[in-house]
Amino acid sequence: MNALTLLFERQSMGKLAWPEPTAAQIETLYRAALRAPDHGALTPWRLIEIRGENALGQLGDLLAEAERADTPDVDARRSEATRAKALRAPLVIAVVAAIKPGQPKIPNSEQLLSAGCAAHAILLAAHAQHLGAMWRTGPYAYHSVVHKGLGLGEHDVLVGFVYVGQPAGRTRDLTPRPLEDFVESWPSA
Ligand SMILES: Cc1cc2nc3c(=O)[nH]c(=O)nc-3n(C[C@H](O)[C@H](O)[C@H](O)COP(=O)(O)O)c2cc1C
């Protein structure tokens, strides 16, 4: 696929199906992530691979536990729906910004952006391989129960879960947006 076509046409796919991406496809996702721009070569990200029924089920349990921590009387049906969210795709990659604090020239915000670029690279590499992918946070990506369960440290920030699988939904027609709506010249005339 032409690189610009990929950049222009990537889109999220919420409906994802099995089979699991192959080992070679998954490796390609990680290799793309590793090319994220990275000031000072800090590699300020970690990728946590969650795949297979058991691991995805455990992620679902964690999401349900986070919900229960906030809403102890949550009903069983709702709890099961929350749990099922983790099983929407055969592969979930938790993208974590592994912030190295105290870098004189590389503020935490830059490191967070690098991790975001790594997540975007995964989306692009998925699309390039005709896989579907979607970056999600949902209500529990910022929850301490989830952070603890995934083993996040004090300086880790969960930037999101990238769900990956076989595209199983409809694609959208992407209408180009007028550039003048968000590109301006400086100084203004
Ligand atoms: C940090 C981040 C978190 C997101 N979390 C969610 C989410 O929890 N649920 C959701 O439906 N979309 C979420 N999105 C948006 C989708 O990933 C997607 O970008 C959006 O639906 C637009 O689709 P497109 O990527 O095809 O343009 C998130 C995007 C970002 C960047």
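These exercises work through a predicted model of one protein with a ligand.

The model is predicted: local features need pLDDT of at least 70, side-chain atom pairs count only at pLDDT 80 or more, and totals for chains, interfaces and linings use all residues. Residues are numbered from 1 along each chain as its sequence is written, and side-chain values use heavy atoms, with hydrogens and water left out.

**Exercise 1. The overall fold**

Task: Find how many helices and strands the protein has, and read their order.

Solution:
- Step 1. Know the terms. Helices (H or I, at least four residues) and strands (E, at least two) are DSSP runs, numbered from the N terminus.
- Step 2. Count them. The protein has 6 helices and 5 strands.
- Step 3. Read along the sequence. The pattern is α-β-α-β-α-α-β-α-β-α-β.
- Step 4. Box it in. Along the principal axes, the C-alpha atoms fill roughly 60 × 45 × 35 Å.
- Step 5. Look at burial. Buried means under 20% relative accessible area, exposed over 50%, and partly exposed in between (1.4 Å probe, protein chains only). Of the 189 residues, 39% are buried.

**Exercise 2. Around the ligand**

Task: List the residues around the ligand, then find the polar contacts.

Solution:
- Step 1. Collect the shell, where a residue is near if one of its heavy atoms lies within 4 Å. The shell holds R10, Q11, S12, M134, W135, R136, T137, G138 and R172.
- Step 2. Sort by class. Ala, Val, Leu, Ile, Met, Phe, Trp, Tyr, Cys and Pro count as nonpolar; Asp, Glu, Lys and Arg are charged; the others, Gly among them, are polar. The shell has 2 nonpolar, 4 polar and 3 charged residues.
- Step 3. Look for polar contacts (pairs of N or O atoms within 3.5 Å; within protein, one must be able to donate a hydrogen and the other to accept it, and residues adjacent in sequence count only if both atoms are side-chain atoms).
- Step 4. Start with the backbone. A backbone N or O atom of T137 is 3.1 Å from a ligand oxygen. For G138, a polar backbone atom lies 2.8 Å from an oxygen of the ligand.
- Step 5. Add the side chain. R172 places a polar side-chain atom 2.9 Å from a ligand oxygen.
- Step 6. Check the cover. Alone, the ligand exposes 620 Å², and the protein buries 55% of that (accessible areas by the Shrake-Rupley method, 1.4 Å probe; for residues, only the protein chains shown count as cover).

**Exercise 3. Two pockets**

Task: Give the volume and the lining of the largest pocket and of the second largest pocket.

Solution:
- Step 1. Define a pocket. On a 1 Å grid over the protein atoms alone, a cavity is a set of points where a 1.4 Å probe fits but cannot get out; a pocket is an open set with protein on both sides within 12 Å along at least five of seven lines; lining residues have an atom within 4 Å of a point. Grid points are joined across faces, edges and corners, and a volume is the space filled by probe spheres set on the points.
- Step 2. Take the largest pocket. Its volume is about 260 Å³. L174, T175, P176, R177, L179 and F182 form the lining. By class that is 4 nonpolar, 1 polar and 1 charged.
- Step 3. Take the second largest pocket. Its volume is about 160 Å³. The lining residues are L7, F8, R10, Q11, S12, H120, R172 and L174. Their classes are 3 nonpolar, 3 polar and 2 charged.
- Step 4. Compare the lists. L174 lines the largest pocket and also the second largest.

**Exercise 4. Unusual backbone**

Task: Locate the cis peptide bonds at P19 and P187, and the positive phi values of A41 and T43.

Solution:
- Step 1. Recall the background. Most residues other than glycine have a negative phi, and most peptide bonds are trans.
- Step 2. Find the cis bonds. W18 and P19 are joined by one, with omega about 10°. P19 sits in the loop between β1 (16–17) and α2 (23–33). Another runs from W186 to P187, with omega near -5°. P187 is in the segment after β5 (156–167).
- Step 3. Find the positive phi values. A41 has phi near 50°, and T43 about 45°.
- Step 4. Place them. A41 lies in the loop between α2 and β2 (45–51). T43 lies in the loop between α2 and β2 as well.
- Step 5. Add accessibility. A41 is exposed at 62%, while T43 is partly exposed at 34%.

**Exercise 5. A buried serine**

Task: Is S114 buried or exposed, and which backbone oxygen does its side chain reach?

Solution:
- Step 1. Place the residue. S114 is in helix α5 (residues 108–128).
- Step 2. Read its accessibility. At a relative accessible area of 5%, S114 is buried.
- Step 3. Find the partner. The S114 side chain reaches the backbone oxygen of P37 at 2.5 Å.
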